[in-house]
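Grab a pencil and get ready to look around a protein. Try each exercise yourself before you read the solution.

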Amino acid sequence: MNSSFSLSLRPQFWRKLVSSLLIGTTLSSLLPWHNPALAQTNLYCQFSPQAIAEKDTLRERMVQGDQQATRQYQDLIKTHGDLLRQCRTRNWPQTQAIWLRLYPCDAAPGALDKVLDHIVDKGYNEVYIEVFYNSQVLLPANDNPTPWLPVLRSPGQENIDLLATAIQKSRERGLKAYAWLFTMNFGYGYGVRSDRQGAIARNGRGQNSLAVVHDGSQLFIDPYSRQAQTDYYQLVQAILKRRPDGVLFDYIRYPRGSGQDSVAGQVQDLWIYGPASRQALLQRAGNNQGRELIERFLNRGSINGSDIQAVRSLYPNESSPQWQGLSQSNLQTALWDLAVAHAAQGVIDFLNFAATPVMRQGLPAGAVFFPLANQPVGQQGYDSRLQPWDRFSTQMEWHPMVYSVCGHTRCILEEVQRVVSRAPSQTRVVPALAGFWGRPDGNRPSLDAQMQDIRRYFPQINAVSHFAYSWQEPQRDRERQACRL
């Protein structure tokens with residue numbers, strides 16, 4: 001990855017949240033009208049209990065080997081797909097997606113059909129299939145060119161391509177199927193490999209992310225590492241062979257711990273001490289004086305007048321220290337700005353690197369991010385995730401995770417507003433919502449209430465997603481994890 005690019009002194013993406021919305025409560029006039037011609041679906045394009053029961057019965061008979069039921073079932077899922085497409089065309093939102101993790105149990109006869117049927121029944125016309133997470137990939141064991149374990153690894157499952165099957169079965173039902181990947185979070189299994197230690201992100205205390213993220217599974221890589229880039233490129237290429245309808249990149253950021261570990265306030269807090277990142281930062285120096293000062297700043301966390309005099313004595317033929325973005329006389333502050341911008345630029349570059357082969361194939365690539373993960377904290381600190389999403393490519397889809405909880409929709413809408421205000425008009429913004437249909441979840445409003453208010457205040461948005469199938473259907477999810485193969 002080429003690291004020669006210009007850096008802003010104080011990155012423009014750190015701006016305070018200033019919007020505040022007054023939220024109305026009477027929204028019934030905004031609901032999409034139910035079309036009588038589509039009698040099997042309601043105003044959210046959800047299918048009637050009778051239509052669902054008919055499909056369930058035919059699917060069960062298909063699994064039992066009934067050939068006539070198989071033909072009827074295949075005809076019915078196509079009919080339901082056509083009805084769903086017509087309904088979504090006529091009603092807001094035109095795209096309604098759901099996030100889905102698959103398990104080995106979904107390879108059983110009829111199991112994947114059941115999950116995807118249920119997704120269609122709930123009115124979704126896109127599904128985001130998780131294909132890389134927790135050091136696992138949704139690739140067959142016998143066709144896995146990556147350093148991660150396959151999700152299906154029981155004897156006899158070596159050739160099962162659950163991702164390819166899920167994409168095919170989604171399309172049969174009128175669903176678009178996106179591949180959804182972790183990005184800079186390569187997982188615990190990657191971090192314990194002796195041959196990958198140089199690819200891991202480290203802070204100035206010599207720690208990797210396993211030391212500060214308490215769940216013990218999040219291992220973040222150095223985005224400047226050629227090894228990490230190569231491994232991820234092979235993963236993306238393998239996924240593209242399965243021809244998804246798009247690819248979504250998640251965890252495009254650095255880790256966030258708890259307490260003081262959630263803020264980067266000094267250079268040792270930044271995840272730029274891996275060998276590749278450190279070397280790339282030193283290469284930003286414009287001369288030997290600049291390189292020496294950067295080195296001292298990294299090693300000690302600060303510089304003083306004695307350091308400046310020392311580097312002048314070391315390199316007397318140079319008039320002053322130079323590095324990319326240097327435009328002020330306070331060298332201590334300038335070095336901090338350089339280090340922060342360098343860390344953030346690594347995130348941007350890794351995303352662009354990952355998304356390029358997707359976009360070259362003419363497929364949509366999407367960036368998944370937290371709207372509040374690019375904020376300044378205190379006098380000179382930043383949210384430790386350093387997720388500069390407002391500098392992500394505007395040619396990509398933006399998928400903000402708007403999960404704030406405040407007892408109503410106002411804080412959710414504030415997050416959407418923060419993104420919309422920074423997104424060019426051509427950028428597709430697809431808010432990701434959490435919750436349940438028809439009922440609140442603690443202090444979080446129902447999905448329908450959130451969607452109604454987004455429609456009211458942001459009419460330019462015509463696509464939303466719901467996180468996640470496992471949250472909406474915890475019992476079904478547990479059953480899918482615990483089956484006997």
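**Exercise 1. What covers the buried residues of helix H4?**

Before you start, keep in mind that this is a predicted model.

Step 1: Find the helix. H4 covers residues 162–172, and its buried residues are Leu162, Leu163, Ala166, Ile167, Lys169 and Ser170.

Step 2: Recall how a helix turns. An α-helix has 3.6 residues a turn, so residues three or four places apart point the same way.

Step 3: Look for the cover. It includes helix H3 (111–121), strand E2 (126–133), strand E5 and helix H6 (226–240).

Step 4: Walk off the end of the helix. H4 is followed by Gly174, which has a positive phi near 80°.

**Exercise 2. Work out whether strand E6 is enclosed or open, and find its partners.**

Step 1: Sort the residues by direction. Gly246, Leu248 and Asp250 point one way from E6, while Val247 and Phe249 point the other way.

Step 2: Check burial, using the cut-off of under 20% relative accessible area. Five of the five residues in E6 (residues 246–250) pass, so the strand is largely enclosed by the rest of the structure.

Step 3: Look at one partner. E5 (residues 176–182) pairs with E6 in the parallel sense, over five bridges. Here Trp180 sits opposite Leu248.

Step 4: Now try strand E8 (residues 365–369). E6 and E8 are also a parallel pair, with three bridges. Leu248 turns up again, as its bridge partner in E8 is Gly366.

**Exercise 3. Carry on from E8 to strand E11 and describe what you find there.**

Step 1: Count the bridges. E8 and E11 run parallel and are joined by four of them.

Step 2: Pick out a pair. Ala367 has Trp398 in E11 as its bridge partner.

Step 3: Sort the residues of E11 (residues 397–400). Glu397 and His399 point one way and Trp398 and Pro400 the other, yet all of them are buried.

**Exercise 4. Which strands stand at the edges of the sheet E7-E10-E9?**

Step 1: Read the order. Three strands make up this open sheet, E7-E10-E9, and they pair in the antiparallel sense.

Step 2: Ask who has a single partner. Strands E7 (263–264) and E9 (376–377) do, so they stand at the edges and one side of each has no neighbour in the sheet.

Step 3: Zoom in on one pairing. Two bridges hold the antiparallel pair of E9 and E10 (residues 381–383). Pro376 stands opposite Tyr382 in E10.

**Exercise 5. Hunt for unusual backbone angles.**

Step 1: Know the usual picture. Most residues other than glycine have a negative phi, and most peptide bonds are trans.

Step 2: List cis bonds. The bond from Trp92 to Pro93 is cis, with omega near -5°. Pro93 belongs to the loop between helix H2 (67–90) and strand E1 (95–101). Another cis bond links Phe467 and Ala468, with omega about 0°. You'll find Ala468 in the loop between strand E13 (463–467) and helix H13 (469–472).

Step 3: Look for positive phi outside glycine. Asn134 has a phi of about 45°, and it lies in the loop between E2 and strand E3 (136–137). Arg243 has a phi of about 55°, and its loop runs between H6 and E6.

Step 4: Check how open these spots are. Asn134 has a relative accessible area of 35%, so it is partly exposed. Arg243 reaches 60%, so it counts as exposed.

**Exercise 6. Zoom out and decide whether the radius of gyration agrees with that of a compact globule.**

Step 1: Compare the values. A compact globule of 485 residues would come out near 23 Å; the protein has 25 Å, which agrees.

Step 2: Add the dimensions. The C-alpha trace spans about 90 × 55 × 40 Å along its principal axes.

Step 3: Take stock of the parts. There are 14 helices and 13 strands, and 56% of the 485 residues count as buried.

Step 4: Consider contacts between residues with a separation of 6 or more. Of these, 77% link residues 24 or more positions apart.

Step 5: Finish with surface and charge. About 20300 Å² is exposed, with carbon and sulfur atoms supplying 47% of it. There are 50 positive and 41 negative side chains, and the centres of the two sets lie 3 Å apart.

Notes: Residues are numbered from 1 along each chain as its sequence is written. This is a predicted model: local features need pLDDT of at least 70, side-chain atom pairs count only at pLDDT 80 or more; totals for chains, interfaces and linings use all residues. Side-chain values use heavy atoms; hydrogens and water are left out. Buried means under 20% relative accessible area, exposed over 50%, partly exposed in between (1.4 Å probe, protein chains only). Helices (H or I, at least four residues) and strands (E, at least two) are DSSP runs, numbered from the N terminus. Two strands pair if DSSP finds at least two bridges between them. The radius of gyration is taken over C-alpha atoms; the globule rule is 2.2 Å times the number of residues to the power 0.38. Contact means heavy atoms within 4.5 Å. Accessible areas come from the Shrake-Rupley method with a 1.4 Å probe; for residues, only the protein chains shown count as cover. Lys and Arg count as positive and Asp and Glu as negative; His and the chain ends are not counted. The place of a charge is taken as NZ of Lys, CZ of Arg, CG of Asp or CD of Glu.
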